[in-house]
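Subject: Structure for your review

Dear colleague,

I am passing on the structure we spoke about, and I would be grateful if you could look through it before reading my notes underneath.

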Amino acid sequence: MSAKTYKARAEGDQMTVYQDCLTTFNESPINPKKCRKLLTRLYKILITKGLTTFNTMECTSLFFSISKLFQHQNNDSLRQMVYLVIKELSSVSEDTLMATASIMKDVQHVDSIIKPNAVRTLTRVLDSSTAFSAERLLKSCTISKDPSIASASIVSSYHLLPIADQTIKRLSNETMENIEALKSFVNYQPSGCEVPVFYPQSKYMSQYHALGVTYQLKKNDKIGLMKLVHQYDPSVLKNQFALVEWCKLIGHLIERDPSLIEENGHYSQNGAKPSSDNENEYIKFLRWGCYKKIEAVQLEVCKIVLKLRIVKLVDLVFQTLSSFLSVPRTSTRFAAIKILNQYAAVYPGNLKASINGDLETLINDSNKNISTYAITTLLRSGDASNIQSLINNIQINDVSDDFKIIIIDSLKSLVSKFPETISKFLVDLLKNNDGSVIFKTKIVDCLVDVLQSEENLGTTKTEILENLCDFIEDCEYTEVLVRILYVLGEYGPKLDFENSSLYVRHIYNRVNLENSIVRSAAVIALSKFPVFTKNLLETIKANDIDDEVRDRAAIVLSRAAQTSTPTASSLSIKKKSHQQLSRDIRVLESKLNIYIQNGDFSTFELPAISEPVDSGNADVDMVSGGLEGSAHGSHEPSSNSATTNDEEYKEIIDTIYHKYGGASVLGKLVSISPLQELTDSSSEFIIYAQKYLFQQDSSEKTIIFNFKVENTLDFAVQNLKIGSSDDVQISNLEPNERTDVFLSEQELQDEYVLRFIADGFEEIFEFNSL
Amino acid sequence: MSGLSVDTISAYLILDNKGERIYANYYSNPFAKTSYYQALSESKKNGTHTEDTKEENGDLKFSYKTQRAFEQKLFKKTHKQNSDILIFDNHIVLYKECSDVCLYLVSKSQDENEVLLQMSFDGIKDAMELVLENGGIDKSNIKDNYDIVSLIIDEAIDDGVPLECEGATIASRITTAPNVEAPITINNIKEKGLLGAWGFAKNKLAETLQQNL
């Protein structure tokens, strides 16, 4: 135990409770009231501080002393609490089996209020080897007349499924009886305490639990499931949960086998409508669900229909959803709008026809989640006619930033369609609203999208620029300011050359008023207007207090002096050189990466970087599952065999030809990918992969993978297999030995699994792609 | 097929008005839970367990740190928002602020049926309102009646499976503290209200009179 845990303990009263529990539960006779109080305190610690508060040993002794309380009979009040704590402790305590006998005794006992608790706790103390012993008890409880006992038993069976499905299968008949049986409550008077009497009303939850377990038992048996759907139709099922489960089951069946609803054709191919009499049963079921006035069921049917695109019912579903939009229950409205939002792009026609009107009223819904969904849904399906009014309707002021950002994001996708309306809206938003940096940055991003678009938008673009000028006059965020200054420098001269003086004035104001970061950005922006700003830059160069600002001013001035005289024509040159630069950044980056890795600057040639990377080779990205292959630079093989002069490669290629039938079969070597490390350096085997691309003629290509496997273990391993084939590729690998393995693409069979079955242990490396 | 499983709830939480945990239960299959803690204690024994790295990005179902981080983020999103429902971290979260505490129900996935979740959520809340007669749902009342609140939640959700969603049904299954020897306590009268106390006193009086006779 570390010092840290001790310290944590000193803060709480865990140890006091622990000690109290051990002494009080061992007293004789025990005091039920005191015990229940203590159990409550213990439970509170377990629940609020996590189960790891006590170590395994402490938990075991707690568990042991609590199990002593089973001796105290006829006190349901205490017993119920005992079960609650035991349930929680059983997952951390050892030797939980010791309580089994006591719990089973309670389960066998006559029906009482704590019997369901006992049944549910029973499963927690069992494990896969002892689960069968509960079979008889679970069976008798499952057929109990009391719904809570039956439910407890069925839910327990459900939990047992992963470890003892055979046992639960033997209970399937009893479980299925519960789907049909409508059990009503018996009210027990608990012993040992006074309780206010509430009258339980059975909603037949056991139907739901039984249906759930039955599905799990039959899930691989399609016919069985179909029978289940027919046998337990809504005339039997009374519980809402069960009905929803039933609908899900139908959806699941249709999803697995779409022909189920095609029999009578949901696409009427001849144009003739199938009469409603011989309508497909499953469609009929779903239609029933849609008409049934139970929200949960209707909602589930809507989800299923839209997900599986059952065209016949889409209209009906949209009607239902539209009626949901005006119900008072928030969760229902939310659910409906969530579905609509999800499928807005798929069914724009239906949406517009039946729902848009309702959606517009939801824009101002009191629940901001709903109104945001409504807005984005409308935006997704909107067209020119309503987008204007829609945007005018958005009352964005009293919404939190999160939602504003969502709205901006959805507007962003529409910017290309309605640049004018949206940019106007965004400009207002930018200038008239408080908001976080992220929010403002998002708006600027959106506006840049408008500026970037190729279309001629009349005055829109210049208006945006002018508004941005206004905005920077009182913008508090440095980041946003720097961004806008860049935008002004970039687009000002291009779009609105006549008004340059306006931009220069605004930008120069920043130089006078803001911090050095903004001033540096402003200097660069000013340099984009060389005609007007030479003198200004000279002054800045001479007078600014910040080194960076002065340096930048000096650089832009000297650059301007180098190029031709500052006239408007220099703009185009600059623009071109900028474009050139931006294209080369990726090459530059990769070169710099190589430099950082190798520390060797001698190979760094600036002229070389002006050649764009061969995109074909760059795409041979070896992403190995989660492990990042270190970039070894672009080892570019030339298309002829010149590179293969290299002794090593020649040997490898000879081996490949030897294995796969020579140059006549494989063709010529076209390309070699860079060597990629697939594992990290600490694993037992270090694996590198390299791809060799051979081409016969123009059509046939073969990829051969070369895996270099290195054994880092300190003993030799035998029988290594790679891929799914059973052949042993490496019979023996000595420590620190490195071997090449060649595999063709076919041999890997698209399974990027490298199986290293060394004698005695198996190691599997899985890769998403190679 | 997770869509058809009956365990639809991944957590039930009660946080106070500062986002601190009052009650938090994250549900998972009981046997998955047992094996997780077994593995944890074994790795601790072997000394291979590095608590910090393992728990930082751990499973929401088990790792305390991940759970607390989840709760704090959730609280920030929901406090004083009054929107009752939201999608958070791929879970549907239903919540309700009741005076100085906030009740949360976190679904297992985004595809659960919202109306059914709401029913489970309401069931628990109704039951609490019924049983915690005095003053309803607030921090001190929950802390004083922690056993009852825990039992209500336990009767409504069994490791992720909605067990019962009817408030009165849940309430009828909750036992209160045992009465030792002296059945009449001040507490008892307070709980039952004036009328209840009158009725109770009348019965008691009649009993003693009969015994004396």
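The notes below cover the nonpolar cores, the contact between the chains, and one pair of helices.

Please keep in mind throughout that this is a predicted model. The largest nonpolar core has 206 residues, and those with the most contacts inside it are Val85(A), Leu321(A), Tyr104(B) and Ile152(B). Helix H9 of chain A, residues 147-169, gives the largest share of this core, namely 10 residues. Apart from this core lies another one, of 21 residues, which includes Ile652(A), Ile653(A), Ile656(A) and Leu678(A). As for Val85(A), once its neighbours within four places in sequence are left aside, this residue is in contact with Leu39(A), Leu42(A), Tyr43(A) and Ile66(A).

Turning to the two chains, 54 residues of chain B are in contact with 70 residues of chain A. Among the elements of chain B that give two or more residues to the side touching chain A are helix H1 (30-45), helix H4 (114-131) and helix H6 (146-156), together with strand S2 (21-26). Sorted by class, that side of chain B has 27 nonpolar, 16 polar and 11 charged residues.

Within chain A, the axes of helix H13 (residues 240-256) and helix H15 (residues 295-308) come within 9 Å and cross at roughly 10°, which makes H13(A) roughly parallel to H15(A), since angles under 35 degrees count as such. Residues that make this contact include Leu243(A), Val244(A) and Cys247(A) of H13(A), and Val297(A), Val301(A) and Ile304(A) of H15(A). By class, the contact has 9 nonpolar, 2 polar and 3 charged residues.

With best regards

Methods. Residues numbered from 1 in each chain as written. Chains lettered and ligands numbered in written order. Predicted model: local features only at pLDDT ≥ 70, side-chain atom pairs only at ≥ 80, totals over all residues. Core = buried A, V, L, I, M, F, W, Y, C linked by C-beta atoms within 7 Å. Buried ≥ 20, exposed ≤ 12 C-beta atoms within 10 Å, placed from the backbone. Helix = DSSP H or I, 4+ residues; strand = E, 2+ residues; numbered from the N terminus. Contact = placed C-beta atoms within 7 Å. Nonpolar A, V, L, I, M, F, W, Y, C, P; charged D, E, K, R; others polar. Axes fitted to C-alpha atoms, helices over the stretch in contact; angles between N-to-C directions. Parallel < 35°, antiparallel > 145°, perpendicular 65-115°, else oblique.
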